[in-house]
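Dear colleague,

Please find the structure below, which I am handing over to you together with my notes. I would be glad if you kept it open while reading on.

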Amino acid sequence: MAYMRVSQLNLYSNFISNMNRTLTDYMDLNIQASSQKRINAPSDDPAGAARVRAYRAELSRLGQYRENVSTARGWLGQADSTLLQANTVLTRCKALAEQAATGTMSKDNREQVGFELRELFNQLITLSNSEFEGKHIFAGHKTNDSAFEAGLAVTTNDANLSSTAFSITGARDYTTVVQFLDSGTVGGGADLDYRYSTDGGDTWTDATLAAGDTVLDLGGVQVTMENGAAVTAVDTDQMDESENNGSWLWVRPTAVYKGDDKDAIEVDHYGDSPLAFTADGQFNEDVYVRIDSATDLGSRIEYSYSLDGGATWKTGNSVSNAATPDGATLVLPGGTLDLASNGGNTLSAGDQFIVRPRRADIDFEISPGERIAVNAVGKDVFGGVYYEPFASNATPAMNGDASNIFETVGKLVGYVESNNQSGIQEALEDLTVASEHLLTQAARVGGKENRLDVADSVLSSLELNRQEQLSDVEDVDVTELMTKLAQQQIIYQSVLKSSSQILQMSLVNYI
């Protein structure tokens, strides 16, 4: 039988090893008890740690979506409140118009009504410039600047001038009435006499539009008319504002939209091909298009497109237009690029087009692949007049129809301040249409708010589900942990006690 000598060094090494192992197990359980987590390091459970990271990443995304929903609620809630307040203002305007439209009201009475209408008009401008967190909600992407500013526009009784463009400079806080005293052509070879009043027709100032000139000087306000516009003399003895009594102009208040729009899609062409081109559709971003091989419109056209400014290209696209040799339609994400002959129908390899949609919507992502526009294009809500990019003359939004709130109320102010009863009656009818339009806009906002409620409910359910899954993988069973912790404490104390007893043994004790 062989015997192995157990030295004090062996005893000590085994004691240290056993103590460290049991102490490590004890500390691991203690860490779990402190954190309430089963996985505190990837080494605890590599597969489980990977699942934990995935769940946490998804919870972070869901949290961002819910934050977006909360911010979107703020934008839409502000818009909803603003539109309801604006409709209250319109209701008051309508009540005042009903009073002013009656034949029992005198000019002085209408002037008094006009004072309040002016203030109500200014209140509409204030509402249209509403902000949320310092951002103007009706200005498209131009959120740092006011959506609207006060301006002047022209109303005329003359059907021949209804499509005439007017450009106005200067400012005035009361309607100016203009009557032409001569018949003729603006900018023609003869002088045209006219007169204007800045106090509703109580007093008049005579003036002359010189031959070849197109600018009416109204004492601090200048109105530029189209060259060649035909005007007719007014019978000043009748003072009848109908279209049968010459050419009248009312320079009255409006609001000028300063934000951006989404009305058009512009196309830039880089190359020598003699083509005309337009784009149509609902593009959400710029699209770059490249012709890949030389051809003509009546042949097979191979092209590529890029959605990231030309960094990467989607190749292998083609279209054949043998039946229409003078035109071709290239299909793109969001719409089409239409090419047509313009002195030629050839395409060169490398020709490029950039489809550039005007963008005014501010979108928030509220779930994977789901976005919602939280702002509004002010001119589509409140109307007013708008300068198209690079245009010198403003044009009424919504084609100037009764839905255009600023134009409708502006005309009403002009007619009340000039004591035009028939005009007031016309504006009264338009106010109903304007109010219906505003309520439709409010309903659209309300629909988006309801959509956010549904999205938030779905996100909340997903978040709760992922938290439960994360807890199943990561969290510790407290009851089981406490049992293990107590057992490990006993084990550790046992190791300490037994080791101390063994270390006390020595041959010296038996000498």
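Five strands form an open sheet in the order β13-β22-β15-β17-β18, with antiparallel pairing, where helices (H or I, at least four residues) and strands (E, at least two) are DSSP runs numbered from the N terminus, and two strands pair if DSSP finds at least two bridges between them. At the edges of this sheet are β13 (265–270) and β18, each of which pairs on one side only. Neighbouring strands here are turned by 25° against each other on average, direction ignored; the axes behind such angles are lines fitted to C-alpha atoms, for helices over the stretch in contact, and angles run from 0 to 180 degrees between N-to-C directions.

This is a predicted model, in which local features need pLDDT of at least 70 and side-chain atom pairs count only at pLDDT 80 or more, while totals for chains, interfaces and linings use all residues. Residues are numbered from 1 along each chain as its sequence is written, and side-chain values use heavy atoms, with hydrogens and water left out.

Within the five-strand sheet, β15 (residues 287–291) is joined to β22 (residues 352–357) by four antiparallel bridges, with Tyr288 opposite Ile354 in β22. Four bridges also join β15 to β17, again antiparallel, and there Ile291 stands opposite Tyr303. Strand β17 in turn pairs with β18 (residues 314–320) over five bridges in the antiparallel sense, and Arg300 faces Ser320 across that pairing. Because five of the seven residues of β17 (residues 300–306) are buried, this strand is largely enclosed by the rest of the structure; buried means under 20% relative accessible area, exposed over 50%, and partly exposed in between (1.4 Å probe, protein chains only).

A further open sheet has three strands in the order β14-β20-β19, with antiparallel pairing. Its edges are β14 (275–281) and β19 (327–332), each with a single partner strand, so one side of each is left without a neighbour in the sheet. The twist averages 20° from one strand to the next. Six antiparallel bridges join β19 to β20 (residues 335–341), and Val331 stands opposite Thr336 in β20.

Lastly, Asp80 lies in helix α2 (residues 46–100). Asp80 is buried yet has no salt bridge, the nearest side chain of opposite charge, Arg73, being 11 Å away. A salt bridge is a side-chain nitrogen of Lys or Arg within 4 Å of a carboxyl oxygen of Asp or Glu; Lys and Arg count as positive, Asp and Glu as negative, and His and the chain ends are not counted. Leaving aside neighbours within four places in sequence, Asp80 is in contact (heavy atoms within 4.5 Å) with Val445 and Glu449.

With best wishes
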